[in-house]
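The paragraphs that follow are meant to be read with the sequence and the coordinates side by side. They move from single residues to paired side chains, then to cysteines and a pocket.

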Amino acid sequence: MSQIKAIDVSYCQSGVDYSKVKSSGIGAVLIRAGYGRETYQKDSQFEAHYRNAKANGLPVGAYWYSYANSVEDAKREAKACLACINGKKFDYPIYYDMEESWQAQLGKSLCTAMAKAFCEAIVAAGYKAGVYANLNWFNNYLDYATLKKSYSIWLAQWANSYSKDCDIWQYSDSGKISGISGNVDLDLVIKLTSTSSTTSITQNRNATVKDVQTWLNNTYKSGLSIDGIYGAKTKAALVKALQTELNKKYNTGLVVDGIYGTKTNSAVRNIAYGTSGNLVKVLQGLLICNGYTLGLLDGINGYQTISAVRNYQSAHKLNVDGVAGKATFSSLCK
């Protein structure tokens with residue numbers, strides 16, 4: 001994958017000519033959404049940056065500058081961030097920008113918990129999430145390994161090379177780019193692919209009903225015809241798979257009969273973000289068979305699956321929280 005030159009912008013850059021920015025070789029823009037403590041503020045240039053970057057065909061991501069001092073504070077910041085970005089489409093993740101020196105004094109455990117709380121809320125809303133910090137923070141004040149397992153990493157290290165695995169590397173805070181007056185931060189998008197790119201992972205072949213039927217046959221000996229038709233037999237096979245996995249994971253003692261009744265509904269647990277395994281595949285299979293696109297049938301409850309859950313919940317007048325629990329499974333299975 002070729003690296004993409006990017007810039008990150010905020011109120012510090014105004015009147016940007018994004019046509020010139022694009023012509024200069026910049027291929028992506030990361031925009032500050034907002035900031036604040038107690039009273040949260042949208043960045044004064046956020047709307048202009050978003051509108052003009054998009055108008056010139058530039059993929060965009062966003063970031064929220066944190067002043068949180070507790071997990072609850074971080075959750076409130078996420079809520080404020082989501083209000084700022086509501087209704088907009090992003091090609092790259094929404095990042096949590098942690099860099100205040102007084103925050104570092106809170107300790108690694110709390111700082112990491114705040115980052116996770118923010119990212120979990122962003123993901124639950126259907127976006128990709130990540131954490132921005134400098135090398136010192138990732139070495140000493142954040143559990144880099146834990147965060148990297150679930151979220152995108154944007155590393156600030158103003159040097160000739162980066163020393164931690166990352167998706168985006170901010171390598172300078174004093175760039176000069178045509179179309180921008182004054183300095184601007186310079187970045188390289190190393191691993192991520194834009195959702196607007198023809199090479200994006202979201203453009204890979206999406207799993208179909210036939211894929212679900214094949215998986216059911218291979219895993220549970222369901223004996224289905226691989227016809228791509230979501231009929232009664234395929235639905236019953238998915239319910240049987242759900243009952244089987246609930247029995248295995250939670251020892252629920254369900255009769256594996258393919259009927260979604262009160263006992264099966266009572267046995268269902270919420271599927272958390274980042275969960276993996278056959279229970280997630282059952283959920284993905286139900287969504288795919290109900291016409292929802294979520295990429296691969298991979299058994300990982302990531303942002304694509306949660307986004308599909310949210311879309312399903314919205315369409316069926318359920319609580320739109322992205323969490324697949326009793327109400328969502330009941331609706332999908334009946």
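Where is the place of Ile26? In this predicted model, Ile26 sits in the loop between helix H1 (18–23) and strand E2 (28–37). With a relative accessibility of 6%, Ile26 counts as buried, the cut-off for that word being under 20% relative accessible area. Although Ile26 and Ile4 are 22 residues apart in sequence, their C-alpha atoms are 7.4 Å apart in space.

Two other loop residues deserve attention for their backbone angles. Most residues other than glycine have a negative phi. Lys221, however, has a positive phi, near 50°, and its place is the loop between helix H8 (209–220) and H9. The relative accessible area of Lys221 is 75%, so this residue is exposed. Lys317 likewise carries a positive phi, near 55°, in the loop between H12 and helix H13 (326–333), and at 76% relative accessibility Lys317 also counts as exposed.

From the backbone the path leads on to charged side chains. Side chains of opposite charge can pair when their charged atoms come close. How many salt bridges does the structure hold? There are 10 salt bridges in the structure, and one of them joins the side chains of Lys88 and Glu47, with an N to O distance of 3.1 Å. Because Lys88 belongs to the loop between helix H3 (71–85) and strand E5 (94–97), while Glu47 belongs to helix H2 (residues 46–55), this pair ties together parts that are 41 residues apart in sequence. As for their surroundings, Lys88 counts as buried at 16% relative accessibility, whereas Glu47, at 29%, counts as partly exposed.

Another salt bridge is formed by the side chains of Lys148 and Asp165, with 2.9 Å from N to O. Here Lys148 lies in helix H7 (residues 144–150) and Asp165 in the loop between strand E7 (152–156) and strand E8 (168–175), so that the pair ties together parts 17 residues apart in sequence. Lys148 is partly exposed, with a relative accessible area of 36%, and Asp165 counts as partly exposed at 32% relative accessibility.

A local pairing is found within helix H3, where the side chains of Asp73 and Arg76 meet in a salt bridge at 3.2 Å, N to O. What separates Asp73 and Arg76 along the helix? They are 3 residues apart in helix H3, and therefore separated by about one helical turn. Asp73 is buried, at 4% relative accessibility, while Arg76 is partly exposed, at 42%. This pair is also part of a network of salt bridges that links Arg37, Asp73 and Arg76.

A polar contact of a further kind involves Glu245, whose place is in helix H9 (residues 232–250). The side chain of Glu245 is joined to that of Asn278 by a polar contact of 3.5 Å, and Glu245 counts as buried, with a relative accessibility of 9%.

The cysteines come next. A disulfide is a covalent bond between the sulfur atoms of two cysteines. A search of the whole structure finds 0 disulfides, and the residues Cys81 and Cys84 show why for their own case: the sulfur of Cys81 has its closest cysteine sulfur in Cys84, at 6.5 Å, which is too far for a bond, given that a disulfide requires the two sulfur atoms to be within 2.5 Å. Seen from the other side, the closest cysteine sulfur to that of Cys84 is in Cys81. Both positions are enclosed by the protein in the sense used here, for Cys81 is buried with a relative accessible area of 0%, and Cys84 counts as buried at 9%.

The last stop is empty space. Rolling a probe the size of a water molecule over the atoms shows where such space is left. The second largest pocket has a volume of about 650 Å³. Which residues lie nearest the centre of the second largest pocket? They are Gly126, Tyr127, Tyr303, Ser307 and Asn311, out of 27 residues that line this pocket. Helix H12 (residues 303–315) gives the most to the lining, with 7 residues. By residue class, the lining of the second largest pocket divides into 10 nonpolar, 11 polar and 6 charged residues.

Technical notes: Residues are numbered from 1 along each chain as its sequence is written. This is a predicted model: local features need pLDDT of at least 70, side-chain atom pairs count only at pLDDT 80 or more; totals for chains, interfaces and linings use all residues. Side-chain values use heavy atoms; hydrogens and water are left out. A salt bridge is a side-chain nitrogen of Lys or Arg within 4 Å of a carboxyl oxygen of Asp or Glu. Helices (H or I, at least four residues) and strands (E, at least two) are DSSP runs, numbered from the N terminus. Buried means under 20% relative accessible area, exposed over 50%, partly exposed in between (1.4 Å probe, protein chains only). On a 1 Å grid over the protein atoms alone, a cavity is a set of points where a 1.4 Å probe fits but cannot get out, and a pocket is an open set with protein on both sides within 12 Å along at least five of seven lines; lining residues have an atom within 4 Å of a point. Grid points are joined across faces, edges and corners, and a volume is the space filled by probe spheres set on the points. Ala, Val, Leu, Ile, Met, Phe, Trp, Tyr, Cys and Pro count as nonpolar, Asp, Glu, Lys and Arg as charged, and the others, Gly among them, as polar. A polar contact is a pair of N or O atoms within 3.5 Å; within protein, one must be able to donate a hydrogen and the other to accept it, and residues adjacent in sequence count only if both atoms are side-chain atoms.
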